[in-house]
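Please walk through this fold with me, beginning at a loop and working inward to the sheet, the core and the pocket.

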Amino acid sequence: MKLSARNQLKGKVININKGAVNSIVTIDIGGGNIITATISCAAVDELGLEVGSDAYAVIKATNVMVGIDE
């Protein structure tokens, strides 16, 4: 896989919550870090995603928000 996005985080799918149109896919990228993405159900099927599958969270953003603890 070759992509222009620099933020490619490999992990394991730990949950897929399928809705009518979209699915919420949860990926454990290690170190106690979890990434959650909303993708179409068709994409889940096309990628063959299942709980336990290896997958990449690919993040390509034009805006990044910064926050702090109060």
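**From a loop into the sheet**

In this predicted model, Glu50 sits in the loop that runs between helix 1 (41-47) and strand 4. Is Glu50 buried or exposed? With a relative accessible area of 53%, Glu50 is exposed, because the class begins over 50%. Leaving aside residues up to four places away in sequence, Glu50 touches Val13 and Ile16. Lys2, by contrast, is 48 residues from Glu50 in sequence and 22 Å from Glu50 in space, taken from C-alpha to C-alpha.

The loop leads on to strand 4, and with strand 4 we come to the sheet. Four strands form an open sheet in the order 3-2-1-4, and their pairing is antiparallel. At the edges stand strand 3 (33-40) and strand 4 (54-59), each of which has a single partner strand, so one side of each is left without a neighbour in the sheet. On average, and with direction ignored, neighbouring strands of this sheet are turned by 45° against each other. As general background, strands of a sheet pair through backbone hydrogen bonds, either parallel or antiparallel.

Strand 1 can be followed through both of its pairings. With strand 2 (residues 22-30), strand 1 (residues 7-18) pairs in the antiparallel sense over six bridges, and a hairpin of three residues joins strand 1 to strand 2. Asn17 stands opposite Ile24 in strand 2. The pairing of strand 1 with strand 4 is likewise antiparallel and also runs over six bridges. Lys12 has bridge partners in two strands, namely Asp28 in strand 2 and Asp54 in strand 4.

Strand 2 also contains Ser23, whose surroundings deserve a closer look. How does Ser23 count, as buried or exposed? Ser23 counts as buried, because its relative accessibility is 0% and the limit for that class is under 20%. Not counting residues up to four places away in sequence, Ser23 touches Ile16, Asn17, Lys18, Ala37, Thr38, Ile39, Ser40, Cys41 and Val44.

From Ser23 we can turn to the nonpolar residues. The largest nonpolar core has seven residues in all, and these are Val13, Val25, Ile27, Val44, Leu49, Ala55 and Ala57. Strand 2 and strand 4 each supply at least two residues of this core. For Val25, the contacts beyond four places in sequence are with Val13, Asn15, Ile35, Thr36, Ala37, Ile39, Val44 and Leu49, and three of the core members, Val13, Val44 and Leu49, are therefore among the residues that Val25 touches.

The last feature to consider is the largest pocket, which holds about 260 Å³ of space. Which residues lie nearest its centre? Of the 14 residues that line the largest pocket, Ile27, Ala55, Tyr56, Ala57 and Val58 lie nearest its centre. Strand 2, strand 3 and strand 4 are the elements that give two or more residues to this lining, and strand 4 gives the most, with six residues. Ile27, Ala55 and Ala57 thus appear both in the largest nonpolar core and among the residues nearest the centre of the largest pocket. Strand 4, which stands at an edge of the sheet with a single partner strand, also supplies at least two residues of the core.

How values were computed. Residues are numbered from 1 along each chain as its sequence is written. This is a predicted model: local features need pLDDT of at least 70, side-chain atom pairs count only at pLDDT 80 or more; totals for chains, interfaces and linings use all residues. Side-chain values use heavy atoms; hydrogens and water are left out. Two strands pair if DSSP finds at least two bridges between them. Axes are lines fitted to C-alpha atoms, for helices over the stretch in contact, and angles run from 0 to 180 degrees between N-to-C directions. Buried means under 20% relative accessible area, exposed over 50%, partly exposed in between (1.4 Å probe, protein chains only). Contact means heavy atoms within 4.5 Å. A nonpolar core is a set of buried Ala, Val, Leu, Ile, Met, Phe, Trp, Tyr and Cys residues joined through side-chain atoms within 4.5 Å. On a 1 Å grid over the protein atoms alone, a cavity is a set of points where a 1.4 Å probe fits but cannot get out, and a pocket is an open set with protein on both sides within 12 Å along at least five of seven lines; lining residues have an atom within 4 Å of a point. Grid points are joined across faces, edges and corners, and a volume is the space filled by probe spheres set on the points.
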